[in-house]
Structures are given as structure tokens and as C-alpha cells.
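Colleague: I would like to go through this structure and ask how each label was earned. Please show it first.

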Amino acid sequence: MDKHEVRLPVRKLVQHPFFAGVKCKSTPCGPHRINAKNDIAIVDVDDFLLRNAIDKRSIYPVGLPDVDKSYVLSDARSAGWQIFSKSLVHPVIEKGFFSEPADYSVTEIPIVVDMKVSSCRAFVGDGDGILVPANGSICLSQMTSKISMGDPIVAKVSDGDYVLIGIGQTSFLEGKEHFQETGSRFSCFIQWVADYYNLSTRSSNHVLSWSTACPTQQDISWGSTGSTVAGIPGANLINGKVRNGKPNKKFSANDSNSKKKESKKNMIVSSEKPNFLKNYPGCGKKVTTEKDDWFPWLGSLYAVDIKSKDEKFISSVALLSASSRQYPNYPTVIVSSGGIIDPYKFDLILDQVKVFGDNKVTAKDFEDMGLEVQVRFGKLKDRSKSEVILKVLSVVQHPSYAATECFIEPCGPTRYNAKNDISVIHVDSKLLTDQVSQDTIFPACLPDPSQSYLLQYVTKTGQNVKAFKQPAVKKGLFKSAESYTWSKLPSVKHLDVESCEIVTGRAIGGFYTIANGSLCLNAQANQVSGGDLVMAPDSAGKLALIGIGQHSAKEYIRSKQETATRLSCYLKWVAHQYGMKGKSSKFEATWSTGCPQDWDIFLGAPGAKSEEREKNKKNEQRKGTNNKKSKGNKNKRKKAPRIITIADDTKDKIYINLKRNDSR
């Protein structure tokens with residue numbers, strides 16, 4: 001025991017009467033919150049031993065905050081014993097506390113955290129809509145590490161002394177990557193503390209400009225058990241049970257056969273055949289397993305050697321629509337990165353670069369390469385039997401896809417990333433039909449074409465591919481010296497969408513630009529792989545696929561941003577590949593990188609000068625004109641002969657043109 005340590009016996013712990021955790025215990029609940037509200041307690045101690053320590057100045061009280069000041073943008077600091085908990089739940093004193101071994105640890109010395117008080121931000125939760133910080137909170141942007149519950153948060157005032165502005169909290173976002181910590185704003189509760197000790201003072205008022213103002217008399221009791229104890233009108237316990245503010249949807253591995261049969265009987269089969277690409281009914285709901293989050297629209301593209309049966313992972317893919325038992329007429333729409341195939345060959349003929357190939361590669365083409373290409377869905381670590389393997393019928397790369405290296409002029413500005421980096425994958429979906437459900441395989445939502453998603457908090461998932469060049473299905477794939485690694489289980493990261501920056505480097509003009517139709521993410525190099533899925537929640541908490549991760553061989557010159565293809569720019573093209581119409585985002589200059597325009601979309605793209613594509617187009621046009629002629633000939637009727645009578649006394653000159661009829 002430290003000789004300077006003073007231990008005081010606790011006589012009483014007094015929790016705020018309207019304390020309410022993130023879990024709502026009583027109605028009305030109010031808005032969904034990321035943190036507890038009225039999160040403060042008084043520790044009443046026997047202070048006899050404390051008096052001598054205070055006299056010796058080894059322990060001394062902290063100052064009180066200015067109740068008329070918000071402290072936003074002020075430098076702050078906290079010091080406390082860092083708590084590390086496996087269950088991400090803060091220790092609570094309750095009956096049987098010592099009956100089980102502790103599942104947390106505490107540092108031996110206090111950990112000091114430097115931070116800045118910031119304006120509070122709403123957080124879009126997974127399945128819960130918008131989550132807000134509780135009234136009476138203070139929000140902090142930490143600089144070194146996170147704070148723990150109960151940590152005193154102090155700010156230095158003009159005379160050099162520290163004042164207590166907040167008390168650390170354990171947030172709903174505990175254990176996740178986010179950009180703000182929360183604490184109880186102490187100035188909101190000073191009067192409650194003073195009342196306990198029969199003192200008089202005042203707390204901060206409800207000031208709306210404080211980002212999170214102090215609670216009002218109308219909402220201070222919402223969601224707390226204390227509201228029912230106090231008999232507040234309209235306050236009721238939720239069936240005597242605690243309702244979790246975040247629904248925990250677990251992967252049910254032991255569903256009974258009777259439930260399955262019952263669900264089949266009650267299922268309403270839709271006969272609708274969509275002609276416009278729109279959100280799949282019920283899309284965007286992720287699944288939470290015991291430990292991990294699982295995104296049921298995440299699939300993997302694999303290439304398998306037909307002879308040796310060796311296999312290689314190529315890219316992550318996303319399911320946007322599916323043919324299922326309930327919606328049998330919906331197409332199976334799968335998208336991925338544009339670089340997953342390498343369909344073009346270049347040849348220099350008479351000082352001109354000729355391009356051979358087509359942007360569509362079929363299963364027959366893959367067989368000629370000695371490969372079978374598959375899309376796999378639904379494989380979890382402990383549910384390998386649930387994997388569904390679909391044979392790829394064709395991969396269609398965007399016709400104006402262009403890698404960073406330009407072989408076709410005009411090239412346009414030197415780019416850091418690929419442009420129009422998207423492809424669609426057509427599969428044999430017979431095996432998928434019976435497997436589509438919200439707990440196994442289910443589509444993601446589509447992005448909002450009117451949203452830029454700038455400064456949006458997004459989630460990235462994928463197989464964490466580490467490669468110098470993006471893997472592609474091509475001839476000699478298994479004989480190539482190229483090597484790369486990928487993880488069998490998807491990794492998840494949380495990032496911010498931010499404005500794209502020009503990249504300086506050894507390029508023409510000394511800099512690289514970000515291609516139109518891109519999203520830029522606040523991430524270090526190698527954090528995003530080609531084909532990774534970038535998702536953002538909408539107001540209802542459903543996840544929409546807003547971007548497809550890109551690979552860049554130039555990552556060695558860049559470390560602050562990663563890029564992704566902006567999916568909303570290509571919705572119309574994706575829909576067209578499945579015989580539907582769609583709506584894409586328009587070019588918006590304020591989006592940092594707007595969608596491509598007609599005059600620049602083809603710059604540097606091999607597909608724009610492909611000889612085979614031009615031949616295919618001409619053949620299709622010829623077929624179309626021939627069909628029109630044949631239809632016209634069938635419908636053509638023989639015209640009756642026209643008789644013209646010329647009067648004898650006419651004075652006008654008359655010209656008669658005779659044409660030969662070649663159809664006879």
C-alpha cells in the first residue's frame with residue numbers, strides 16, 4: 001500500500017434519480033442515445049481521514065466550472081485508471097460481485113488523456129436509425145487514447161487552475177472506431193449535488209447553442225426507472241423488462257423445421273417484375289453473430305483451375321438484388337471492381353496502338369483459359385456448410401474502364417486511381433433462390449443518387465487483400481509469379497468520407513488527380529483493397545452500398561486517403577446490364593469528385609478503341625437494320641396505280657420523272 005494513499009469508507013452511493021442507461025427501461029424512451037443520460041452519482045464518505053491529507057496539500061479539491069460557459073473548442077484533460085473489459089461493460093457494484101472471477105483489468109497508475117471539447121455529432125447506428133448524445137453531455141475528440149467511466153474531465157482556466165467540466169462515460173460505441181468520447185456535463189448537475197449537502201448554487205441553463213444542452217424538466221426523466229418510481233404521469237415500465245436500445249439480431253443456427261415450414265406457408269410470393277433498378281424489399285439489414293458483424297450481401301469471387309482444382313481469391317462482390325422464393329422475378333444483380341478481368345490486348349501497328357478484346361468475358365472464355373469462375377456467398381467461420389457457390393456466366397466490365405497507366409490517347413489528366421472502376425457479374429442463380437433470407441444471404445440497399453456522402457461515417461468490409469496489383473481473372477493466373485494474400489474472414493473498419501486531395505508525385509505536371517466518379521476515405525495506405533464494400537446507413541439504419549474499394553499501385557506515394565468507386569454514378573449502367581432502367585447521380589462540382597461527364601468518361605479507356613467491340617457494334621446495328629427491313633417488307637402493301645389526267649388547254653409546263661422498280 002502506498003504510504004500516501006488515503007482510504008475512506010463509503011457510507012452511501014446516491015445515483016441521480018433519473019439516471020437512464022442506453023437500454024430503455026421506461027416509456028416514453030425519447031430518441032435513441034449513444035450514451036447514458038443524467039449519468040452522475042454522489043459518493044458520500046466518512047471524511048475524517050481526509051482532513052489531514054487536505055491540510056498537507058497532498059489531496060485537494062478541483063474547481064467548479066463556469067455554468068455560463070459551454071467549453072466547446074477548449075483544451076481538456078482527463079486522468080483515471082484505465083479499465084479494460086472483455087465484455088465492454090463497466091463494472092457495477094451489485095449482489096454477488098465477488099462470486100465470479102473478474103473479466104476486466106485496471107491500470108496500476110492513472111492514465112492521462114489529452115483531448116479537445118467539440119460539438120456533439122449524431123451517429124447513424126446499425127439498424128437503429130440516428131443515435132444522439134443525451135442532453136447534459138459533453139463531447140470530446142481524444143488525441144491519445146479513450147477515457148473510462150468516472151474519469152474526471154478538467155479544463156484549465158485563465159488563472160492556471162483546473163475546473164471539473166465533465167465525468168467520463170462508457171458509450172454505446174464502446175469498442176468501435178469512432179471519433180468522439182462522451183462525458184456527463186457537470187455544470188448541468190451542480191445544483192442537484194448542492195441540494196444533497198443542503199447548499200445553494202445554480203446549474204447551467206438549457207442553452208441550445210451548446211450542441212447538447214442541459215436536460216429540461218420535460219425530458220429529464222425519459223427512459224429512466226426513476227420516472228416510474230416517482231409516479232410521473234405517462235411513465236411505464238416496458239413489460240417489466242429491459243428493452244435494449246440496439247436490437248441484437250443473432251444468427252440462429254438451430255431453427256426448427258416446423259418454423260421453416262410455417263414461414264413457407266405464410267410467405268406471400270410477389271409476381272412483380274421490376275423494370276427499374278430500386279431497393280430490394282427489406283434490404284440493408286446486417287446480422288450480428290455472437291462476436292462479429294456479418295453482412296449478408298458480401299460475397300467472394302474465386303477462380304478455380306479446372307485441372308488441378310487450385311483456387312485463388314480475386315475480389316469481394318456485393319449483392320444488390322436476388323431472385324428468391326418470395327421475389328422470383330427479380331434479377332440477381334452482383335457488382336464488383338472493374339479490374340477483376342483483363343480483357344484487352346494491345347499491339348503497335350504502324351505507330352498506332354490497336355486494342356483487341358471486349359469488355360464482356362463469358363464462361364466459355366474462362367474455360368478456354370482453363371478456369372472456372374465462381375461467386376461464393378454465406379460462408380461463416382462456424383457455418384461452412386451454408387456456403388452457396390454460383391457459377392459465373394459472364395463478367396461485364398464498364399466499357400470506359402481505364403487503369404492508372406494510359407495506353408490510349410487522349411489520356412486526360414494523370415490519375416492516382418482507376419476510372420469507371422466497376423463491373424457486373426452474371427451468375428447461374430438457381431442455387432441462390434432457396435438460400436435468400438435476411439439471416440444468410442440478402443441484398444444491400446442502393447445509394448441515394450442525390451447524396452454526396454461527404455463527411456459521412458461509413459463502414460468498410462472485405463477480405464483485406466495485400467497485393468502489388470489487383471488480382472484479375474486472366475490466362476496463366478496460376479502460372480504467374482504474382483503473389484498476394486487475403487484473409488478468409490472479412491475485416492471491418494470504420495472510416496470517414498472526405499474531400500479528395502491532389503496527390504503530389506512523379507507525374508506529368510508533378511501531381512496526380514483523383515478520377516471523377518470516386519469517393520475519398522480518411523484512411524492510411526493499404527487499409528482499403530480492390531473490391532472492398534463501402535457502406536453507409538440511411539436514416540432508418542439500413543446499410544447502402546455507396547462505394548467499391550479500389551486498388552492503387554501508387555500507394556507508396558500516398559498515406560492519408562484511400563479511394564473507392566462512387567456507385568451512385570453508375571446505377572443507370574448497372575441497371576442496363578440487366579434489362580432495366582436506373583437513375584444515376586448527376587455531375588455535381590461541389591462533390592469534390594463529381595460523376596464523369598459524357599466528354600471525359602472515355603478518356604484513356606481501351607474500350608473506346610477496341611477493334612472487336614467496334615465490329616460487334618456494327619454487326620448488331622446491321623442485324624437491327626435487317627430486321628427492320630424484313631418487317632417493313634412484310635407490312636408493305638402494293639400501291640394502286642395513280643392516274644394523272646392532263647387537260648388539253650393547260651399552259652403549265654409538265655415534268656414527268658420515271659423511276660425503275662428494282663424489286664421486280
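**Labels and their reasons**

Modeller: Start with Y71, which counts as buried at 6% relative accessibility. Keep in mind that the model is predicted.

Colleague: Why is Y71 called buried rather than exposed?

Modeller: Buried means under 20% relative accessible area. Y71 has 6% relative accessibility, so Y71 counts as buried. Y71 sits in the loop between α1 (48–55) and β4 (75–80).

Colleague: What is noted about the phi of Y71?

Modeller: The phi of Y71 is positive, about 65°, although Y71 is not a glycine. L73 also has a positive phi, about 75°, and is not a glycine.

Colleague: Where is L73, and is L73 buried or exposed?

Modeller: L73 lies in the loop between α1 and β4. The cut-off for exposed is over 50%. L73 reaches 64% relative accessibility, therefore L73 counts as exposed.

Colleague: Why does P28 count as partly exposed?

Modeller: Partly exposed is the class between under 20% and over 50%. P28 has 38% relative accessibility, so P28 falls in that class. P28 is placed in the loop between β2 (26–27) and β3 (41–45).

Colleague: What makes the peptide bond from T27 to P28 cis?

Modeller: The omega of that bond, from T27 to P28, is near 0°. P28 can also be set beside S221: they are 193 residues apart along the chain, and their C-alpha atoms are separated by 8.8 Å.

Colleague: How do you know that L13 is exposed?

Modeller: L13 has 53% relative accessibility, and exposed means over 50%, so L13 counts as exposed. L13 lies in strand β1 (residues 10–15). L13 is also one of the residues of a nonpolar surface patch of about 410 Å², made with V10, V43 and I93.

Colleague: Now the inside. How many cavities of 30 Å³ or more are found?

Modeller: Six, from a search of the whole structure. The largest cavity holds about 50 Å³ of space, and the second largest has a volume of about 40 Å³.

Colleague: What kinds of residues line the largest cavity?

Modeller: The lining has seven nonpolar, two polar and one charged. Among the lining residues are F276, K278, N279 and M580. Lys counts as charged, so K278 belongs to the charged class.

Colleague: And which residues line the second largest cavity?

Modeller: They are V465, A467, K469, Q470, P471, S529, G530 and H551. This lining divides into three nonpolar, four polar and one charged. Gly counts as polar, so G530 goes with the polar residues.

Key: Residues are numbered from 1 along each chain as its sequence is written. This is a predicted model: local features need pLDDT of at least 70, side-chain atom pairs count only at pLDDT 80 or more; totals for chains, interfaces and linings use all residues. Side-chain values use heavy atoms; hydrogens and water are left out. On a 1 Å grid over the protein atoms alone, a cavity is a set of points where a 1.4 Å probe fits but cannot get out, and a pocket is an open set with protein on both sides within 12 Å along at least five of seven lines; lining residues have an atom within 4 Å of a point. Grid points are joined across faces, edges and corners, and a volume is the space filled by probe spheres set on the points. Patches are made of residues with over 30% relative accessible area and no salt bridge: like charges are joined within 9 Å, nonpolar side chains (Val, Leu, Ile, Met, Phe, Trp, Tyr) within 5 Å. Accessible areas come from the Shrake-Rupley method with a 1.4 Å probe; for residues, only the protein chains shown count as cover. A salt bridge is a side-chain nitrogen of Lys or Arg within 4 Å of a carboxyl oxygen of Asp or Glu. Helices (H or I, at least four residues) and strands (E, at least two) are DSSP runs, numbered from the N terminus. Buried means under 20% relative accessible area, exposed over 50%, partly exposed in between (1.4 Å probe, protein chains only).
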